[in-house]
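I sat down with this entry to look up how its parts are built and where they touch. My notes follow in the order in which I went through them.

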Amino acid sequence: MKASAGGYARASDLRHALDLLGQAGDAGRVLVGGQSLIAAMNMRLSTGDMLVDISRISGLAGVTQQDGRLRIGALTRHADLGGDPLVGRHAPLLAQAVGHIAHAAIRNRGTIGGALAHADPAAEFPACVLALDATMHLEGPDGARDVAVGDFFIDVFETAIAEGEILTAISLPVAEPAEVQILKEVARRSGDYALAGLCLVRRAAGVRLSALGVGSVPVLAQGAMAALDAGDIDAAVTALRAELDPQSDTQASGGYRKHIAGVLLRRIWDEIGGTA
Amino acid sequence: MTDVFRDKIDIALSVNGEPVEARVPAGRHLIDFLRLDLGLTGAHASCEHGVCGACTVRVDGDAVRGCLMLAAQADGAEVWTIEGLSDSGAIRDLQDAFVARNALQCGFCTPGMLVACADLLTRDAVPARDEIREHLSGNYCRCTGYEAIVDAVESVAKARRGAA
């Protein structure tokens, strides 16, 4: 179908964007790549939006390293993330995720900030940043604030971003020398949303494991993490399946999604050498 | 600079190498702007939610979905559609290979398919058949079964590097 927009404004800088969002109230919608938002507008799942196009704001795209952290601007496109040398070195999980996200033409416009703010629980980037223990950087009318990723995802398509705020960047610790990051998922066709997927990050402090496509938000599987830290893969698989409560839908039953999650965990464990 | 919300937006862009100025409704997709306002009906509007790839056009050098971008967002952009790419001869070898290999039957997907294929062929190495399939995974063809399309892309990639 055809999109129905209430209005469109192109923000010249962040202050301008925040002013526009303030004017628009609850009809305000931040637009950049539009690869989810415009699809939703086309299907009339969202109508009358006052679109604030922040895609031309300079300084919100790109990847930098400072003070032991990697900072990724919200406007960084998937295609650019996938080929970025800093991401390849410090956040290879995100580079792996890019290959799973939709198709090349979508990745040429979609942005990481858009994907995180949209908060689709079946998408890769939300689960990745949860496993990476990222910090989300927001700007609002009253100034900047940071939100820990554990507090960011609230429900399906719902985050800690308040009305009038914009997600401007995320940051995460640079990779340790022996850090392991790996993403595995099962999808019916290339580019489809996964039936289930796992992101594992192993640092000196322990394993972080998140799951996508198995709940209303990306899930941090803390029981499985503890078992993996103890080197017990069987207990980890049991714990993981107990921690997940996926819905059944036309793609797969909840039980099958749980089964896949366990299989993926064993595959990851084999691939990384199986030591805690 | 647009400093307030508008329901009609003035845009100036380049389409197939020619300057275009227009006033577009806020919700107008790029693909409808190209097809309905400019009469460039090569690329197709089909699923209108980014799944089928029939609307794929080139914007600022990248293959993008014409149905998932607003015309308002194309202000200042350089847009190429199959009409311009055909007239310029930029992808003549690819088009010839599609004909030679029977890589199209009804032709509905072909304009989008060609833009997606051309995007892959700008890379340095000859892509493996798996890479070609993966790159075209977002462009549906209901006629050919894809094998002939993969053949065509592979043959052009090799020919362009003198290895055919």
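**Chain B: hairpin and first helix**

I began at the hairpin of β1(B) and β2(B), where two residues lie between the strands and B:Asn16 takes a positive phi near 50°. I am working with a predicted model throughout, and I keep that in mind for every value below. The two strands, β1 (residues 8-15) and β2 (residues 18-25) of chain B, pair in the antiparallel sense over eight bridges. To fix the register for myself I looked up one pair, and I found B:Leu13 standing opposite B:Val20 in β2(B).

I went on to helix α1 (residues 30-37) of chain B and asked which of its residues are buried. They are B:Leu30, B:Ile31, B:Asp32, B:Phe33 and B:Leu34, and I noted that B:Asp32 is listed there beside B:Leu30 and B:Phe33. What covers these buried residues of α1(B) includes β2 and β3 of chain B, so I can tie the helix back to a strand of the hairpin, as β2(B) is the partner of β1(B). After the helix comes B:Gly39, whose phi is positive, near 75°.

**Chain B: B:Gly84 and the two domains**

Next I looked up B:Gly84, which has its place in helix α2 of chain B. Is B:Gly84 buried, exposed or partly exposed? I counted it as partly exposed, because 19 other C-beta atoms lie within 10 Å, while a residue needs 20 or more to be called buried. Leaving out residues up to four places away in sequence, B:Gly84 touches B:Asn16 and B:Gly17, and B:Asn16 is the hairpin residue with the positive phi that I noted at the start. I also took the C-alpha distance from B:Gly84 to B:Cys109, which is 17 Å for two residues that are 25 apart in sequence.

I then turned to the division of chain B into domain 1 (8-85) and domain 2 (91-159). The centres of these two domains, taken over C-alpha atoms, are separated by 22 Å. Where they meet, 13 residues of domain 1 of chain B are in contact with 12 residues of domain 2 of chain B. On the domain 1 side, the elements that give two or more residues are β3 (56-59) and α2 (82-88) of chain B, and β3(B) gives the most, with three residues. I sorted the residues of that side into eight nonpolar, four polar and one charged.

**Chain A: overall build**

For chain A I first noted 11 helices and 14 strands. I compared its radius of gyration with the expected value: a compact globule of 276 residues would have one near 19 Å, and chain A has 19 Å, which agrees. The C-alpha trace of chain A spans about 55 × 45 × 30 Å along its principal axes, and buried residues make up 54% of the 276 residues. Among contacts in chain A between residues at least 6 apart in sequence, I found that 61% join residues at least 24 apart.

**Chain A: an open sheet and one loop residue**

I looked up a sheet of three strands in chain A, which is open, has the order β1-β3-β2 and is paired in parallel. Why is one side of β1 and of β2 (28-31) of chain A left without a neighbour in the sheet? Both stand at the edges, and each has a single partner strand, so nothing in the sheet pairs with the other side. Neighbouring strands of this sheet are turned by 25° against each other on average, direction ignored. For β2(A) and β3(A), which run parallel, I noted four bridges, and A:Val30 stands opposite A:Val52 in β3(A). Helix α1 (residues 14-24) of chain A lies across β1, β2 and β3 of chain A, and it runs at about 175° to β3(A).

Away from the sheet entry, I checked A:Gln247, whose place is in the loop between α10 (233-243) and α11 (254-271) of chain A. I list A:Gln247 as exposed because 12 other C-beta atoms lie within 10 Å, and 12 or fewer is the limit for that class. Its C-alpha atom is separated by 30 Å from that of A:Ala105, 142 residues apart along the chain.

**Where the chains touch**

My last entry is the contact between the chains, which takes 31 residues from chain A and 31 residues from chain B. On the chain A side, β1 (5-10), α2 (37-42), β3 (49-53) and α6 (104-107) each supply at least two residues. Of the elements of chain A, β1(A) gives the most to this side, with five residues, and I recall β1(A) as an edge strand of the open sheet. I divided the residues of the chain A side into 16 nonpolar, 11 polar and four charged.

Notes
Residues are numbered from 1 along each chain as its sequence is written. Chains are lettered from A and ligands numbered from 1 in the order in which they are written. This is a predicted model: local features need pLDDT of at least 70, side-chain atom pairs count only at pLDDT 80 or more; totals for chains, interfaces and linings use all residues. Two residues are in contact if their C-beta atoms, placed from the backbone, lie within 7 Å. Ala, Val, Leu, Ile, Met, Phe, Trp, Tyr, Cys and Pro count as nonpolar, Asp, Glu, Lys and Arg as charged, and the others, Gly among them, as polar. Domain bounds come from an automatic or database domain assignment. The radius of gyration is taken over C-alpha atoms; the globule rule is 2.2 Å times the number of residues to the power 0.38. Two strands pair if DSSP finds at least two bridges between them. Axes are lines fitted to C-alpha atoms, for helices over the stretch in contact, and angles run from 0 to 180 degrees between N-to-C directions.
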